[in-house]
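Visitor: Got a minute to walk me through this one? I'd like to start with the surface and then work inwards.

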Amino acid sequence: SVLTNVSLGLVVAVYLLGSRKKLANQGRMVIRAIFSPKWANRIFAELSYTDRMFSGFINGKILDSLLIGVLNFVGMLLLQLPYALLVSVLVGVTNLIPFFGPYIGMIPSAFLILLVNPWQCVLFLVFNILLQQFDGNVLGPRILGNVTGLSSFWVLFSILLFGGLFGFVGMIVGVPVFAVVYDIVRKLVRKGIAYWERKEGSL
């Protein structure tokens, strides 16, 4: 059933990508038919923000994880550590998950190397910690910048919330989804404050 669902999902994704412009135009027409021009423009602006948030975060995270996987592979080859390709793929894939990802990939990889050589396991842990520090302080900010605008607390909160609800996929998309929700709530709060200030000023 899992294989069937994955195959069906790929077919649907191909059709959606092939018809994306037509579907987008139809969606715009439906929104303009249902909502007033003022609200339609607001919805379009929010959808545009959502698109920028998701594309910027997901594409940046994929590039960042790919580079970390390659650097991990090169480093393990230079240090002559075992399972370089397998471990690098695991580290790169789990690096897609913000905050927890590096540790999720590091722990099973270290255990795998430990079965071969304890000293090499220690060497791998030191190398991987240094690599993750480089990613967190240099490479990641360079690629992603401050795409989401969320504080560390809200990033952690979104990962825990969506990870608990949707598993691995939720951990990956949780941050941009929560960033969009956060932006909507922030705009509503500002409008609410402005409304009450105008009301107080008119009294």
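Guide: Sure. First a bit of vocabulary: a patch is built from residues with over 30% relative accessible area and no salt bridge, and nonpolar side chains are joined within 5 Å. Keep in mind too that this is a predicted model.

Visitor: Okay, so which residues make the nonpolar surface patch?

Guide: Leu 63, Leu 66, Leu 67, Val 70, Val 74 and Leu 78 make it, and the patch comes to about 550 Å².

Visitor: Where does Val 74 lie?

Guide: In helix 3, which covers residues 37–78.

Visitor: And why does Val 74 count as partly exposed?

Guide: Because its relative accessibility is 41%, and partly exposed is the range between buried, under 20%, and exposed, over 50%.

Visitor: Which residue in helix 3 is a buried one, then?

Guide: Ser 65 is one of them: it sits in helix 3, and it is buried because its relative accessible area is 4%. Ser 65 also comes 9.9 Å from Pro 102, C-alpha to C-alpha, with their positions 37 residues apart in sequence.

Visitor: Switching to pockets. What volume does the largest pocket have?

Guide: About 790 Å³. It is lined by 28 residues, and the closest to its centre are Lys 61, Pro 98, Phe 99, Gly 136 and Val 155.

Visitor: Which helices supply the lining?

Guide: Helix 3, helix 5 (101–114), helix 6 (118–144) and helix 7 (152–202) each give at least two residues. The largest share is from helix 6, with nine residues.

Visitor: How many of the lining residues are nonpolar, polar or charged?

Guide: The split is 14 nonpolar, eleven polar and three charged.

Visitor: You mentioned Lys 61. Which residue does Lys 61 form a salt bridge with?

Guide: Asp 64, with the closest N and O atoms 3.9 Å apart. That counts because the cut-off for a salt bridge is within 4 Å. Both residues lie in helix 3, three residues apart, or about one turn of the helix, and both are buried.

Visitor: How many salt bridges does the count come to?

Guide: Four. Take Lys 187 with Glu 46: their closest N and O atoms are 3.1 Å apart. This pair links distant parts of the chain, since Lys 187 is in helix 7 and Glu 46 is in helix 3, 141 residues apart.

Visitor: Are those two ends buried or partly exposed?

Guide: One of each. Lys 187 is partly exposed because its relative accessibility is 34%, while Glu 46 is buried because its relative accessible area is 16%.

Visitor: What else does Lys 187 form a salt bridge with?

Guide: Asp 183, at 3.2 Å between the closest N and O atoms. Those two both lie in helix 7, four residues apart, about one turn of the helix. Asp 183 counts as buried because its relative accessibility is 4%. Glu 46, Asp 183, Arg 186 and Lys 187 are linked in a network of salt bridges.

Visitor: Last topic, backbone angles. Which residues have a positive phi without being glycine?

Guide: Gln 80, at about 60°, and Tyr 83, at about 55°, are among them. Gln 80 is in the loop between helix 3 and helix 4 (84–94), and Tyr 83 lies in the loop between helix 3 and helix 4 as well.

Visitor: Exposed or partly exposed?

Guide: Gln 80 counts as exposed because its relative accessibility is 66%. Tyr 83 is partly exposed because its relative accessible area is 41%.

Key. Residues are numbered from 1 along each chain as its sequence is written. This is a predicted model: local features need pLDDT of at least 70, side-chain atom pairs count only at pLDDT 80 or more; totals for chains, interfaces and linings use all residues. Side-chain values use heavy atoms; hydrogens and water are left out. Patches are made of residues with over 30% relative accessible area and no salt bridge: like charges are joined within 9 Å, nonpolar side chains (Val, Leu, Ile, Met, Phe, Trp, Tyr) within 5 Å. Accessible areas come from the Shrake-Rupley method with a 1.4 Å probe; for residues, only the protein chains shown count as cover. A salt bridge is a side-chain nitrogen of Lys or Arg within 4 Å of a carboxyl oxygen of Asp or Glu. Buried means under 20% relative accessible area, exposed over 50%, partly exposed in between (1.4 Å probe, protein chains only). On a 1 Å grid over the protein atoms alone, a cavity is a set of points where a 1.4 Å probe fits but cannot get out, and a pocket is an open set with protein on both sides within 12 Å along at least five of seven lines; lining residues have an atom within 4 Å of a point. Grid points are joined across faces, edges and corners, and a volume is the space filled by probe spheres set on the points. Ala, Val, Leu, Ile, Met, Phe, Trp, Tyr, Cys and Pro count as nonpolar, Asp, Glu, Lys and Arg as charged, and the others, Gly among them, as polar.
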